[in-house]
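Work through the following exercises with the model open beside you, and try each task before reading its solution.

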Amino acid sequence: MGTKDNKRLKSISSALFAIAQGKFNMRIPRTKEDDVIESIIVLVNMMAEEMRETLQLYSELHIQTEHQEHLYIVFILDKSLNIQYVSSDVMTELGYKAEDLIHKPFLILLSKTHNDLWRTKGNKLLYPMKYNKRHSLILLDKNRTERPYYCIITPLFSTGSQNQNFMVSIYEPILQARMLEDKATHKRPAIYRKQKSYKPPNVLTNVKDRKLLRAIYQYIIENLEKPLPHLPELANKFGTNEFKLKYGFKQMYGITVFRFLKKERIKKGKLLLENTSLPIKTIAEMCGYSNPSHFSKDFRAAIGVSPRRSR
């Protein structure tokens, strides 16, 4: 068996080991070969994607977000799209050391398909001041294994400066095989445990409703700098009603809409304070606060220190 075949078999082994640990953000790179090994690669990739979607649904229905671990990967890029900062999750999730990435082109982390897209469209897409979009990206880990994510790309501007940076952020639950964990500890699966306390009626039985709530969640994340519509208006915007939005969002994510909005605004503010030189007033505006003092008050209540001390 040739070196290339051994390398592909090793990739299959690594992917299966990751799946066994409940890690489904992994894809084996495809080659141009047309043989049994390549067929197995296709099947393993399909299996990982199916398990990821299934456990995402399980997580949304039965595990409140505030009790989950989350993956929060952040890159800060300069105007040439070279990496200036990486969060610690980049190292733990993708296997790189900080020195492997700092001052290197972001292109080195992208799969070939997304690499080409970034080269041809990246600058045109990213430079408008109010750009804040969600994208599907496939990143390569240290072993050059493909890992699909959804990310948000946001431009960062500094007052009085011509320099422009970009923030690429990935935020999603770390999906673990919770049903297998329950079985291993001889517990009844969480979906069958009897709830003692009263809960509002479950409004998440419809697949369409769950998809709609995910869209609202993403809308909030992508528009933190804008005033959030009142719940009836927000519900109408997405073709649902206030009842489903109010109770469905809490059931799905374990937090109310407005608490989630404030939490994400403060999280974004903390990241900008610690990793940019932007004025606090500018950061407050980028986080949806027209009054910097209100931002400071909410920030202190959530983090325990003032924005200036956090910086």
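**Exercise 1.** Decide whether Ser310 is buried or exposed, and identify its surroundings.

*Solution.* In this predicted model, the relative accessible area of Ser310 is 16%. Because residues under 20% are classed as buried, Ser310 is assigned to the buried class. As for its place in the fold, Ser310 belongs to helix α13. The last step is to list its contacts: once the neighbours within four places in sequence are set aside, Ser310 touches Lys270, Glu274, Phe299 and Val305.

**Exercise 2.** Describe helix α12, beginning with its span and then determining which residues are buried, which elements they pack against and what follows the helix.

*Solution.* Start with the dimensions: α12 covers residues 292-303, twelve residues in total, and extends 16 Å from its first C-alpha to its last, which is close to the 16 Å expected at 1.5 Å a residue. Next, pick out the buried residues of the helix, which are Phe295, Asp298 and Phe299. These lie on the same side of α12, because the arc they cover around the axis is only 105 degrees. The other side of the helix carries Lys297 and Ala301, which are exposed. Turning to the partners, the buried residues of α12 pack against α10, α11 (280-286) and α13 (307-310). Finally, the residue that follows α12 is Gly304, and its phi is positive, near 100 degrees.

**Exercise 3.** Characterise the packing of helices α7 and α10 by geometry, handedness and the residues that meet.

*Solution.* Two packed helices are described by the angle between their axes together with the distance between those axes. For α7 (residues 207-222) and α10 (residues 257-275), the angle is about 35 degrees and the axes are 10 Å apart. The handedness comes next, and the crossing of α7 and α10 is right-handed. At the level of residues, α7 contributes Tyr217, Ile220 and Ile221, which meet Val257, Phe260, Leu261 and Glu264 in α10. Sorted by class, this contact comprises six nonpolar residues, no polar ones and one charged residue.

**Exercise 4.** Place these helices in the context of the whole protein, stating how many helices and strands there are, what percentage of residues is buried, and what share of the contacts joins residues 24 or more positions apart.

*Solution.* Counting the elements gives 13 helices and five strands. Of the 311 residues in the protein, 43% are buried. For the contacts, take those with a sequence separation of 6 or more as the reference set; within that set, residues 24 or more positions apart account for 59%.

How values were computed. Residues are numbered from 1 along each chain as its sequence is written. This is a predicted model: local features need pLDDT of at least 70, side-chain atom pairs count only at pLDDT 80 or more; totals for chains, interfaces and linings use all residues. Side-chain values use heavy atoms; hydrogens and water are left out. Axes are lines fitted to C-alpha atoms, for helices over the stretch in contact, and angles run from 0 to 180 degrees between N-to-C directions. Helices (H or I, at least four residues) and strands (E, at least two) are DSSP runs, numbered from the N terminus. A crossing is left-handed if the near helix is turned anticlockwise from the far one by less than a right angle, and right-handed if clockwise. Contact means heavy atoms within 4.5 Å. Ala, Val, Leu, Ile, Met, Phe, Trp, Tyr, Cys and Pro count as nonpolar, Asp, Glu, Lys and Arg as charged, and the others, Gly among them, as polar. The expected span of a helix is 1.5 Å times one less than its number of residues. Buried means under 20% relative accessible area, exposed over 50%, partly exposed in between (1.4 Å probe, protein chains only). The arc is that of the directions from the helix axis to the C-beta atoms.
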